[in-house]
Each structure stands twice: as structure tokens, then as C-alpha cells.
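Reader: I have not looked at this one before. Can you walk me through it?
Author: Yes, here it is.

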Amino acid sequence: MSKATETAVHPVPAAASPLDAPFPTKRMLVNLGPSHPAMHGTVRAVVELDGEAVHAMKLDIGFLHRGFEKSCENVTWTQVFPYTDRLNYVSSIMNNVGYALAVEKLAGLQVPERAQYLRVITSELHRMCDHLTLISAMGLELGAMTVLIYGMEARDLIWDRLTELCGARLTSNYARVGGVSRDVPPGWNEKVLRILDRTEALRVEIDRLLTRNRIVIDRTRGTGVVSREDAIDYGFTGPCLRASGVSYDVRKASPYLVYDRLDFDVPVGSNGDNFDRYLMRMEEMKQSDRIVRQCFDQMQPGAIAADDSRYVLPPKPEVYGSIEGAMAHFKIIMEGIKVPAGEAYAYVEAANGELGFYAVSDGSGRPYKLGVRAPGWNMLMALPQMMEGKLLADLIPTFDTINMIGGEVEQ
Amino acid sequence: MAEETKPADAAPPKPAPPPGPPPPRNPGLVTFTIDGREAVVKPGTNLIEAAASVGVSIPYYCYQKRLSIAANCRMCLVEMSNAPGGKLMPACQMTAAEGVSVRTDSPKVKEQQRATLEFLLVNHPVDCPICDQSGECKLQDYYMQYNATASRLDVPKVKLQKRVKLGALVVLDQERCILCTRCVRFMSEIRKNPQLGVDNRGSHSVIATAPGLPLDDRYSGNVVDLCPVGALTSTDFRFRGRVWFLSSARSLCTGCARGCNVFLDYMRDGVYRYRPRENDLVNQEWMCDEGRLSYKPFNDARVLAARVGRSNVPRAQAVAEAARLLRAHAGQGTLALLASPVASLEDLLAAALVARDGLKLSEIYVGGRPDGWHDDFLRRADQNPNRAGLALVAKAFGLAVKSASDLADAVASGKVKGVWAVGAELPAPALASALGKAEALVVQATNEGDLAAAATVLLPASPAPESDGTFVNFEGRAQRVELAYWPRGESLPHWGLSAEIGRALGLVSRWASARQLFEDLGRRVADQLPGYAWNSLPSVDRRKGLIPLAAGTVDGRLPGQRERMPLDQSGNVQWTRLPSSREETP
């Protein structure tokens, strides 16, 4: 912000007539956040304003820093799962799955098919939650309160189903190394299909409210533009990259779980502006809906966790009824699973883009090192460049559509 | 009839003798490969030790390097290139041979290890939740490492006795026993006192004593340590604590002048047990039962608050009163120092310095515990861990050594009217009442007792686990103990109390820790302690703050209690304690 002190007062340009005389203004420093309703999570933006235009901008993050990576070194491999819930807390299961894939890659563990389907179903449901949250919040901040109400109804319908599955709305802690923590309760599939119908209806309603809305179009079209080249240079992934015209989706580029058996499309935008980023999310929700329905058709009954007591807790009857089970349980709980020494990087397509876990094991029961590639980080870091010279009012929808989540960016 | 004649050259040629071992590649040593790694070892080294020398670990239960080879657990079977018919061979029994190739990781060996464990677990009860060994059990360790498959047993397990009291210190659970016979071999080979044997046959075999005879050897506790599973447990430690909550400190048994090396297992500020720590020069890896139980006074009947007369007072007030009394009697020449050889070298150095420079004393009366039983194995008659250290300190400070009964005489004759006792242990109970006749009796005591009860001023002292320190054993071998937890209650180590008294007498106290004290005063005795370094225990700085879990612990197990903070009764950290008692790492 040193520019501000250099030229505190603008030079007054020569006016054509006294009536056109520009008002000499000072640059103004405005603190947006950290506790501002439009600054999701807790993030502070120091914006230097030249009139209404953003002259420069600095981001101050770290309010949600928890030392995630370091904390993980002090707990067993399994105890890391609840920590990953707190990364992108709107879609926690995708974090669980990403981390589980990294550990399974190290361990060379095969996950049963049903568990893979369950991971995909829950991931895609959470992707819908994530996008619904974004669109609702964007609607709210652009003045469309109704969208928030509809969006929250849909999101809560999904969260209620996930609560039935894993016992928590937000911090699901659902995946495990080698599988998932529990199978679906009776009648769950049908319930999910019913709420998918209702969610679709709500999505259509939101679509009709927003997509052709004059105000929304004016606020989002042509604002927060990122070119294809810039998006790649900044390291964008996910919907923000695709909105700029790059067709890159981890689910297609490097299929994991059972995504290669599922039929779905990857929407790609062309303008890289806020409106395109919004459209990406609307379309991806449709695709997620398709994926979940296909999974229900393809999924067969079976085991939900690998049958390997080096990595997976044995079933309770074995724990209480046999010494082998009791020992395996004891060792896994007390010392953690012994993941072979080595390092692995596993990545998934999370709601915001490529979520990567880099795990290093020294063969002990705890991670030696864990690194996270949080997708939101790159978009957030590009925000000051995206906003330079743009209107302050454009900052709000831009901040919305890059979907910064403090939990994952600040770890 | 044609005469059958055998042509002389028709005899079938004798089969060529098997090729002898190749000439050694390294003369005087045996060179062979194990899992592809070349190992060079002395002739006669067994494969387990040879493999360990190149970083290959072979699992075993019955093998123990100080006991004879039993080769009955079958856990250490390996593939050897010279084995007849490719048979698997027990690594504990086979010695390394020139040019042989050994595999410990082939599918055949892996399958054998898995199968062995399956058999060992066939009759094993589901006891982990109630078993004291849980957390340090070789069955658990090896199951996860070498088996990790579910039970295939569909018949009932053999039921045996769950609680056979073999002796005062040892309880046997017959169901958990894997019959490795380490305990049997220890009793007959190390102790030459074969009180244990194996009764019955097959899956009904059990470890037993002769009918009607208890396991009453004075070293019986070692069989508990030797037992690789939870079959033999200690009556003293049984059900008192889960081992994963315990932390370990490297310490010494202070029960006699031998100074057996031990791991002191503690939780919060309580000692739970001693486990012998290996030291070939002192105790190999054994200790006596009495020494094993000698930690109890660290926990019970402690003096935790200062007293003047019969009333509890803050320690500072008691120290001031003690200094006043000592100064008065020192001025009249009627003061005497009684030092206990149970205290550490640092304690005695500090006391001697204060006695000589602050109180102008020239004599030191030696208290300490009376002599006890002894044998020709480990136990010494002298039950004081630091008598040799006391002699060194007295010599270094030019103090004449006299006995506690001399002091009693001097008190009775009125020559001595004030006594400063560093340590309240006395060789005879009657001495306490004799010393109690002194006008002023300043006692630094770790535990309640006759002398503590007779004290005019009583100062709470901390025993060995609550400070770093040095003990000199009967051979003159100086050994370190390490601080396990901070001093309990108001207590301070003797050296801390002596320093406070010295400060009250006008001396300059220079030590914030036992380390600083040793660096300062230890020079005076250093020439008597050849080869001794304070830092002979590795990684003494590990206790700073929260221990990072990845850093491990002194005994290689997972850490139990993670904080080493001085805690008060309600578990709050006493921050004021930290600067003075925490050790500075250089």
C-alpha cells in the first residue's frame, strides 16, 4: 500500500468546463472482513480504493489456520480422517476420500467395489451441497435472498441423508483406509432418489430465478475475468479452470474409484468470468445427479471395507470372540496401521478443483509428513490480480464464485 | 561250476564325498549372506544375532541370548542353502557357516511364520483387555507383523487355570502360556535353582513348581520380564496400570550398593514398577525381587511439607529457621552433619560445600540403612546406593568420616547439640531417639520415620526419580539417574534444600539444576570417577515441553504420558517450578 502515501491526492486533470470538474479524491483503504458477511469463512481483504475502483488489494489469511499438516504427524493414520473433515467443511467426504486414496496407494490396498461406489455417491452428494452453498450465497450477496432459502432447503435434504449415513451433518468422517465406515441404512437409496427429485426441482427454480436475471447477468457477466492462459498459470483447477475454457477434470483425466464406469459430462465455459463460473456449478450439479443415479443402478451388495486386518478394524464379533481379532483391534487402535514406508500423491476432483494429498510414511503408525494441495488456494491468490482496476462491487461476486473455503486454504 | 571271480577293478567307485565348506573369505571370520546382504561374523554366532548385525530382524519367542537354546517356539525358522531337503532351520540354533545363503523373507518362511502364530494362538484366550502384558506383548506384535489373518478355529479352546500363584511375586495364567520355557531355563541356568518345570503333555502342558513348593527364589521377578507373553505377571504390578500410559526414565535401583540399571516406569508423579535395564558390567539384565519393590518409598509415606516443631509451615520459613539454628550451633562449635549414603552424589556435594564453607564443619557423620542380606549374584549387604560416593565427597572436602553411633555418643555427652541430617536413614532404630535429644535437629527427609518425627525442623526432600543425579556403586562405578517427574509436594532434592540453607547462611547459590551443580562441584571428585560423563545417558534433552511423538522414547516404546510438567494435586501445571528445576540443555 505504499502507493497510497506517494500520491495521496490525485492530480486534478484539466476540465473541459467547470461543470465537468472532477472531484479530487484520496485513495481510501478499506478493510473487508475478517468478519464481513460477504467474506466467507474468516478472511480479511485490505482494499485500496480509487473512487469505486480497486487500485490494489491485499489478502490477509490465516484466521482459520489450525496447523493441519503438522497435527496429522501426531495422530495415527486413521485419526487423520476427522481432521480432513475440517478442510473444505462444506464437502468433507471428498476430503476423506482423497486422503484415503493416498494412504491406500502407499499401502497398495484394494478397496471393495461397493465401498468405491459409496465413496462416489457420497462425494457427488457433497459436490451438490458445495455448489448449492456457493450459488445460494452468491444469490444472497447479489440481493436474491430467495435463492438462499431454496438452496438451503436442497442442501439440508442432502445433509439429512448424509446424517443418516454417517451420523453428522458437516463433519462426516465417512471414509476409512480400505473402505468406508458404514453401509447405507435400509431404504436409504430410495430416500436419496426422492430427495434428488426435490433437489432437481429446487435447482430448476434457482435456475429460473438467476440464470436469466438481468441483475445477476449485469453483476456477473464480464466481471472477474480470467483468461485461459492466466488460469493455467495461476494453477486454477476445477470449475474455475473449466469456466476459462480448459477441459480438465480429474475424474476424466485420471479416473479414480469407479468414475471410468460412469457416464457424465464435464461442462466447459469460454469467458472465464463470474457468470461462466456460476454456470459451471449449475451444470455440474446436474451431472452429479446423473452420477448418483447411475451408481445406485450399478452398485451391488458386498463388503464395504477391505478384508485385511493390518489396515482395517476386524468386525466386532471377531474382536470380542477371537484373540486374532482382539489383537488386530488393539494394535490398530493403540499404534495405528503400519503403512509401508514410502511416499504417495493422490488427488481427487473436489468441488473446488484438484484436491491432492501427499503422504510420506516411515513405516510407523503415524504419518511422517502430510501435505495438502488445497484447490481454493490458487484461486484466492489470484484474486488481487483479478480485481486490479475493477469495481469494488465486482469483488463480491468474484469472491463468491472462486469459492474460497478458509478451512482448506488456511489448513 | 565256474568260479566267480570279481575283477579287482570292478568295484563300484565310492561316491564322492560332499564338498567341504569353502575356505573362509575373511580369515578367522564367517562370511555368508542373509536376504542378499553379506554378513561377516565370528564363528559360532547364531543366525538371529548374525542377522541383527546387518539389520535383518528374525522373530523369536524362546530364544534369549543369556539362556540356552531351546528352539521350541519355531518362530525363527529360516531357509538355508545348506539345509537337507530344503528344510526350514531354527535361526536361534543354527550358526552361521561360510558361504551359506539365508532367506528370512521367502514365501516359505512367511507361510511358516504365519502358521506358527496360528498354532500359538489356537488355545490363547481373548485376554488382551484384561492382560497386563497388553501393549508390550510379543504375540500382539508378531501377530500384526507376521500373521494378520482371522481365526479359523471352530472348536472350543483348551481351558486351564487362570490364576496360579507360583510365588509371592509371580502369578501364572496357564492359558496364555506359549511354553517357550524361558522361565524354566532362567531358574535352572542363571539361578541354578530349578524351581520351575513343565508338567503334562501336549496342549495340556503347563509351567509348574514342584507340588507344594512355591517359587521363592529371591530373583523370581525376572521370569516376569522374561515371559514374552502375559502368562507370568507380577503380583506387584498386576492390574495397577496399563503400560501404554506409563513413561520410562533411565534410572538405578537404589536398594543396595550394586546399582542395578533399571527403567523406572512412572505415570504422573508415581512410580509403577522397575524393569531391569541391560548393562553387562553391572547387572546384565536381572535384578532381585527386593530391589524390584524398592521403589515403594518413592510413592508412600512421603514427607511433602516442611515442619517446624509439630506444625506445617511454608518451606521458606522452615529453611530460615533451620539456617538460624544451624548458624547458632555452628558458632558455638556444637553442630554436626549427618549425611546419608542413600542421597545422590550431587546431594552430598552440595551438603558438604555448605557444611564446610557455611558452617565451618570438619567432620561428616555417616547415616544410611543397616546392612541386609547378600548373595554372590547381584545383591550387596550394603543397602545404600552411594556409600562410595559419600566417601569421595568427604575426601574431596577434607571432612573426617565418622559413624552415626559416634554422633549419638557425641549428642549424649553434650559435645554436639545441633544436628543437620541430610537424609533420615539410620543404621539402627535406637539412634533416632538418641539424636532426638539434641537441642536442634534439622532433618531433610524423603519419608516419614523416627528421625523425621524427632526433628526440630523437618524439610521435605525428593528421592532419586525426582532429580537428575549420580550414584557411585560399591565398585566405584558412577552411574546416572534421570529425572522422571518433578519433585512432589513442597519437596526439593537434598541438593536444592542444601542450596537454600546455604543461601540463608550467606553463601552464593550457583545452581539451578543438578547438571549445573555437577559441572560446578563435580570437578572435585572427577579424578575419582574415570570415564564418567554426566551426559552418558543419550538424549537427556528430550523432556523439553511436549514430546513430539515421532521422536520416540528412551526404551523404544511409544510414549505414555506426554507432558513432563510439574503438576499440583489437581493436575494443574506449576509454572513457578519450571525455571528452577528444569534442566538447561547445553
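What follows goes through the contact between two chains, then some local details.

Author: Keep in mind that this is a predicted model.

Reader: Fine. How many residues does each of chain B and chain A put into the contact?
Author: Chain B supplies 22 residues and chain A supplies 19 residues. Together the two chains bury about 1,900 Å², and 71% of that is on carbon and sulfur atoms.

Reader: How many salt bridges are there between chain B and chain A?
Author: The count is one salt bridge. Lys331(A) pairs with Asp141(B), with 2.4 Å between the closest N and O atoms.

Reader: Which helix gives the most to the side of chain B that touches chain A?
Author: That is helix H3 of chain B, residues 138–147, which gives five residues. The residues on that side of chain B split into 12 nonpolar, six polar and four charged.

Reader: And how many residue pairs are in polar contact across the interface?
Author: Two residue pairs, both at pLDDT 80 or more.

Reader: Back to salt bridges. How many over all chains?
Author: The count comes to 64. One within chain A joins the side chains of Glu124(A) and Arg127(A), at 3.0 Å from N to O.

Reader: Where do Glu124(A) and Arg127(A) lie?
Author: Both are in helix H5 of chain A, residues 113–141. They are three residues apart, about one turn of the helix.

Reader: Why would side chains like that pair at all?
Author: Opposite charges can pair when the charged atoms come close.

Reader: New topic. Which residues form a nonpolar patch on the surface?
Author: Leu140(A), Met145(A) and Ile149(A), with about 270 Å² of accessible area together. Ile149(A) sits in helix H6 of chain A, residues 145–166.

Reader: Last one: where is Gly197(B), and what is in contact with it?
Author: Gly197(B) is in strand E8 of chain B, residues 196–199. Leaving aside neighbours within four places in sequence, Gly197(B) is in contact with Val184(B), Val206(B), Ile207(B) and Ala208(B). The C-alpha atoms of Gly197(B) and Ala210(B) are 7.8 Å apart, with the two residues 13 apart along the chain.

Note on methods:
Residues are numbered from 1 along each chain as its sequence is written. Chains are lettered from A and ligands numbered from 1 in the order in which they are written. This is a predicted model: local features need pLDDT of at least 70, side-chain atom pairs count only at pLDDT 80 or more; totals for chains, interfaces and linings use all residues. Side-chain values use heavy atoms; hydrogens and water are left out. Contact means heavy atoms within 4.5 Å. Buried area is the accessible area (1.4 Å probe) that two parts lose on being put together, summed over both. A salt bridge is a side-chain nitrogen of Lys or Arg within 4 Å of a carboxyl oxygen of Asp or Glu. A polar contact is a pair of N or O atoms within 3.5 Å; within protein, one must be able to donate a hydrogen and the other to accept it, and residues adjacent in sequence count only if both atoms are side-chain atoms. Helices (H or I, at least four residues) and strands (E, at least two) are DSSP runs, numbered from the N terminus. Ala, Val, Leu, Ile, Met, Phe, Trp, Tyr, Cys and Pro count as nonpolar, Asp, Glu, Lys and Arg as charged, and the others, Gly among them, as polar. Patches are made of residues with over 30% relative accessible area and no salt bridge: like charges are joined within 9 Å, nonpolar side chains (Val, Leu, Ile, Met, Phe, Trp, Tyr) within 5 Å. Accessible areas come from the Shrake-Rupley method with a 1.4 Å probe; for residues, only the protein chains shown count as cover.
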